[in-house]
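Biologist: I should like a close look at one part of this model, taken together with the parts that surround it. Please explain the reasoning behind each assignment as you proceed.

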Amino acid sequence: MKKVYVVEAIRYGDRNRESYVVGVFDSRARAEYAGKVESCWRGGKYTYEITEHDQDYVSYAYSALALAIVTGK
């Protein structure tokens with residue numbers, strides 16, 4: 001199964017205060033770069049955390065089904 005890397009920005013290192021997903025990437029290097037850029041862009045108020053996940057191919061099928069239902073195609 002393919003790996004994906006989720007980058008989450010966390011304000012002052014406190015996830016309960018405020019956090020958001022920066023992006024999902026197919027390489028750890030790109031995820032690291034995105035985390036560093038986001039941290040700099042936000043003036044150092046946000047740290048970042050990267051988590052590794054197996055890509056869920058089933059979710060694509062559900063996404064396609066949901067899109068078909070919504071668009072009627």
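## Helix 1 and the sheet beneath it

Modeller: From one end of the sequence to the other, the chain follows the pattern β-β-α-β-α. In total it has 2 helices and 3 strands. The model is predicted, and every statement below should be read in that light. I have chosen helix 1 as the part to examine, beginning with its dimensions and then turning to its surroundings.

Helix 1 covers residues 28-41. It has 14 residues, and the distance from its first C-alpha to its last is 20 Å, close to the 20 Å expected at 1.5 Å a residue. The helix lies across strand 1, strand 2 and strand 3, and its direction is at about 160° to that of strand 3.

The two sides of helix 1 are best considered in turn. Its buried residues are A31, A34, G35, E38 and S39. Viewed down the helix axis, these residues fall within an arc of 130°, so they line one face of the helix. Their cover includes strand 1, strand 2 and strand 3. On the other side of the helix, A29, R30, Y33, C40 and W41 are exposed.

One residue from each side merits a closer description. S39, in helix 1, has a relative accessible area of 18%; it counts as buried because the cut-off is under 20%. Leaving aside residues up to four places away in sequence, S39 touches G44, Y46 and Y48. R30, by contrast, has a relative accessible area of 51%, so it counts as exposed, the cut-off being over 50%. The side chain of R30 meets that of D26 in a salt bridge, at 3.5 Å from N to O. D26 itself is partly exposed, at 43% relative accessibility. Just after the helix, G43 takes a positive phi of about 70°.

The sheet under the helix is open and has 3 strands in the order 2-1-3, with antiparallel pairing. Strand 2 (19-25) and strand 3 (46-54) are the edge strands, each pairing on one side only. From one strand to the next, the twist averages 25°. In general, strands of a sheet pair through backbone hydrogen bonds, in either a parallel or an antiparallel manner. Here strand 1 (residues 3-11) and strand 3 run antiparallel and are joined by 9 bridges. One of the bridge partnerships places E8 opposite E49 of strand 3.

Side chains add further links to strand 3. As a general point, side chains of opposite charge can pair when their charged atoms come close. The count for this model comes to 6 salt bridges. Among them is the one between D54 and K3, whose N and O atoms lie 2.6 Å apart. This pair connects distant parts of the chain, with D54 in strand 3 and K3 in strand 1, 51 residues apart. D54 is partly exposed, with a relative accessible area of 42%, and K3 is partly exposed as well, at 34%. K3, E52 and D54 together are linked in a network of salt bridges.

E49, already met as the bridge partner of E8, also forms a salt bridge with R15, in which the closest N and O atoms are 3.1 Å apart. This pair likewise spans distant parts of the chain: R15 belongs to the loop between strand 1 and strand 2, E49 to strand 3, and 34 residues separate them. R15 is partly exposed at 39% relative accessibility, and E49 is partly exposed at 34%.

The loop that holds R15 also contains Y12. Y12 has a positive phi of about 50° although it is not a glycine. Most residues other than glycine have a negative phi. With a relative accessible area of 47%, Y12 is partly exposed.

Finally, the chain as a whole provides the setting for these details. Buried residues make up 23% of its 73 residues. Among contacts with a separation of 6 or more, 52% join residues 24 or more positions apart. To return to the part chosen at the outset, helix 1 has its buried residues on one face, covered by elements that include strand 1, strand 2 and strand 3, while R30 and Y33 are among the residues exposed on its other side.

Key: Residues numbered from 1 in each chain as written. Predicted model: local features only at pLDDT ≥ 70, side-chain atom pairs only at ≥ 80, totals over all residues. Heavy atoms only, no water. Pairing = 2+ DSSP bridges. Helix = DSSP H or I, 4+ residues; strand = E, 2+ residues; numbered from the N terminus. Axes fitted to C-alpha atoms, helices over the stretch in contact; angles between N-to-C directions. Contact = heavy atoms within 4.5 Å. Expected span 1.5 Å × (residues − 1). Buried < 20%, exposed > 50% of the residue type's maximum accessible area, 1.4 Å probe, protein only. Arc of directions from axis to C-beta. Salt bridge = Lys/Arg side-chain N within 4 Å of Asp/Glu carboxyl O.
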